[in-house]
Amino acid sequence: MFQLIQQNDGLSIGVFGIGGCGCNTLNSIFEQRESEQAHLYSVNTDKVVLEHTQSDEAVLIGAELTHGYGAGADPKVGLQAAEESKDQLLTLINGCDIILCATGLGGGTGTGASPYIAQLASEQGKPIIFVATLPFSSEGQFRSNIAQAGLNELKEHANAVITLPNDQLIEVLGNDIGLFDAFKHSNQILHSLIKSLIDMLCFQGLINVDLNDFAKIMDCQGDAVLGVGKCNEESELTTALNGALNNPLVNQVDMSSSTGVIIQVNCKDEISLGSYNLITDTVRQQVSPNALVICGVSKIENLATNYELLVIATGASSKMVVDKTQSDSSPDIATSKPKPSDIFDIPAFIRNQSAPPSKSAL
């Protein structure tokens, strides 16, 4: 089993960090990157930020427009900067088979440039996925409105958009966590999602998810949810899967309405047929009966844990926002703080919040 474990050397994955948030995410990915097929591109209007970003290529967009001083929190400036640098962006886009983007919405560069980059990729027939953070409500309604407008526009062009609301950081981690630790936690989640996508696309296994499979799932219109679960024991796969399906930081999407799903199982060693069937059956029960479900299994010897599960569901609808008066009566997840050793591993943290807790040390 798992004879086909070589990398798919012909595939090129472009990882774009757009704006300040996106560039910060690239910093967390750069040192831990394991695949030479993933090429990191930092895109910003701020020259100083680019000088301190670790990536394969830094792209200063709108140099004539902003002179490298940023977009001034104005999405129109971010858009104009991207339009000015269209040829440079197209060169990068055309060199990629798949594009993964990290961005922050609510400011100037990320909000303005991201939809335009998604449009360029769509016009070139390149599958493009965005992982976007949304501002804290404490940052004001003006910034929130900018983020929502940018998100709506982004969804018109990108194949899939996974959102990470910053307010969820408070709900999950609690008010007492340090600000830097909270954002580091968010960046680590972005890193985990992007790395898992890269592993799925770059490694072949007994059951392979190829580029055509990926593109077909990404063509499903609607919102997307992407979750990662990890464990060391096969007996804990159910708990890890629960972590992937119920990540509290990306739970704004109704997965039951999804019309396309990819399930990827990465493991250091062989997985039993019973466990594989349990994973696929569990996911199938949570999506539309008519959903297209594609499953993949790969052996990757250098995984940090023995098992890693990746679930991508597309074509879904956003969940209704629960009324605040109703949510006040529900248990407060923020009162239970994660252990320091778990703070940067969301699946382990989820296990700390649910019963029975896992004994796995991820």
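A helix here is a DSSP run of H or I at least four residues long, and helices are numbered from the N terminus. Keep that in mind, since Y276 is found in helix α12, and you'll get there later in this tour. One thing before you click: what you have open is a predicted model.

**Stop 1: the whole chain**

Start with everything selected. The secondary structure comes to 14 helices and eleven strands. How much of the chain counts as buried? Of its 362 residues, 54% do. Turn on the surface if you like: the chain exposes about 16,000 Å², and carbon and sulfur atoms supply 49% of that. Now think about contacts between residues with a separation of 6 or more: 80% of them involve residues 24 or more positions apart.

**Stop 2: two residues in one loop**

Select the loop between α3 (63–66) and α4 (75–84), and find H67 in it. A73 lies in that loop between α3 and α4 too. Why look at backbone angles here? Most residues other than glycine have a negative phi. H67 goes the other way, with a positive phi near 60°. A73 isn't a glycine either, and its phi is positive at about 60°.

Are these two buried or exposed? H67 has a relative accessibility of 59%, so it counts as exposed. A73 comes in at 45%, so it is partly exposed.

**Stop 3: α5 against α6**

Next, select residues 86–94, which are helix α5, and residues 109–123, which are helix α6. Their axes come within 10 Å and cross at roughly 55°, so the two helices are oblique to each other. The crossing of α5 and α6 is right-handed.

Show side chains to see who touches whom. From α5 come K86, L89, L90 and I93, and from α6 come Y116, I117, L120 and A121. Sorted by class, this contact of α5 with α6 has seven nonpolar residues, no polar ones and one charged one.

**Stop 4: α6 against α7**

Keep α6 selected and add residues 141–157, helix α7. The axes of α6 and α7 come within 8 Å and cross at roughly 5°. An angle under 35 degrees counts as roughly parallel, so α6 is roughly parallel to α7.

Which residues make this contact? On the α6 side, pick T111, S114, P115, A118, Q119 and S122; on the α7 side, pick I146, G150, E153, L154 and H157. The contact of α6 with α7 has four nonpolar, six polar and one charged residues.

**Stop 5: L151, inside α7**

Stay with helix α7 and click on L151, which lies in it. Is L151 buried or exposed? Its relative accessibility is 6%, so it counts as buried.

What does L151 touch, leaving aside neighbours within four places in sequence? Select L105, L134, V161 and T163: L151 is in contact with each of these. Try the distance tool on V161: it is ten residues from L151 along the chain, and their C-alpha atoms are separated by 8.4 Å.

**Stop 6: α11 against α12**

Now for the helix promised at the start. Select residues 237–245 for α11 and residues 273–284 for α12. These two pack at an angle of about 30°, with their axes 11 Å apart. That makes α11 and α12 roughly parallel to each other, and their crossing is right-handed.

To see the contact, show L237, T238, L241 and L245 in α11 together with S275, L278, I279, T282 and V283 in α12. By class, the contact of α11 with α12 has six nonpolar residues, three polar ones and no charged ones.

Then pick Y276, also in helix α12. Y276 has a relative accessible area of 17%, so it is buried. Draw a line from its C-alpha to that of L237: Y276 and L237 are 39 residues apart in sequence and 9.4 Å apart in space.

**Stop 7: E301, out in a loop**

For the last stop, select E301, in the loop between β10 (292–299) and β11 (307–318). E301 has a relative accessibility of 56%, so it counts as exposed. How far apart are the C-alpha atoms of E301 and N266? The two residues are 35 apart along the chain, and those atoms are separated by 9.3 Å.

Methods:
Residues are numbered from 1 along each chain as its sequence is written. This is a predicted model: local features need pLDDT of at least 70, side-chain atom pairs count only at pLDDT 80 or more; totals for chains, interfaces and linings use all residues. Side-chain values use heavy atoms; hydrogens and water are left out. Axes are lines fitted to C-alpha atoms, for helices over the stretch in contact, and angles run from 0 to 180 degrees between N-to-C directions. Angles under 35 degrees count as roughly parallel, over 145 as roughly antiparallel, 65 to 115 as roughly perpendicular and the rest as oblique. A crossing is left-handed if the near helix is turned anticlockwise from the far one by less than a right angle, and right-handed if clockwise. Contact means heavy atoms within 4.5 Å. Ala, Val, Leu, Ile, Met, Phe, Trp, Tyr, Cys and Pro count as nonpolar, Asp, Glu, Lys and Arg as charged, and the others, Gly among them, as polar. Buried means under 20% relative accessible area, exposed over 50%, partly exposed in between (1.4 Å probe, protein chains only). Accessible areas come from the Shrake-Rupley method with a 1.4 Å probe; for residues, only the protein chains shown count as cover.
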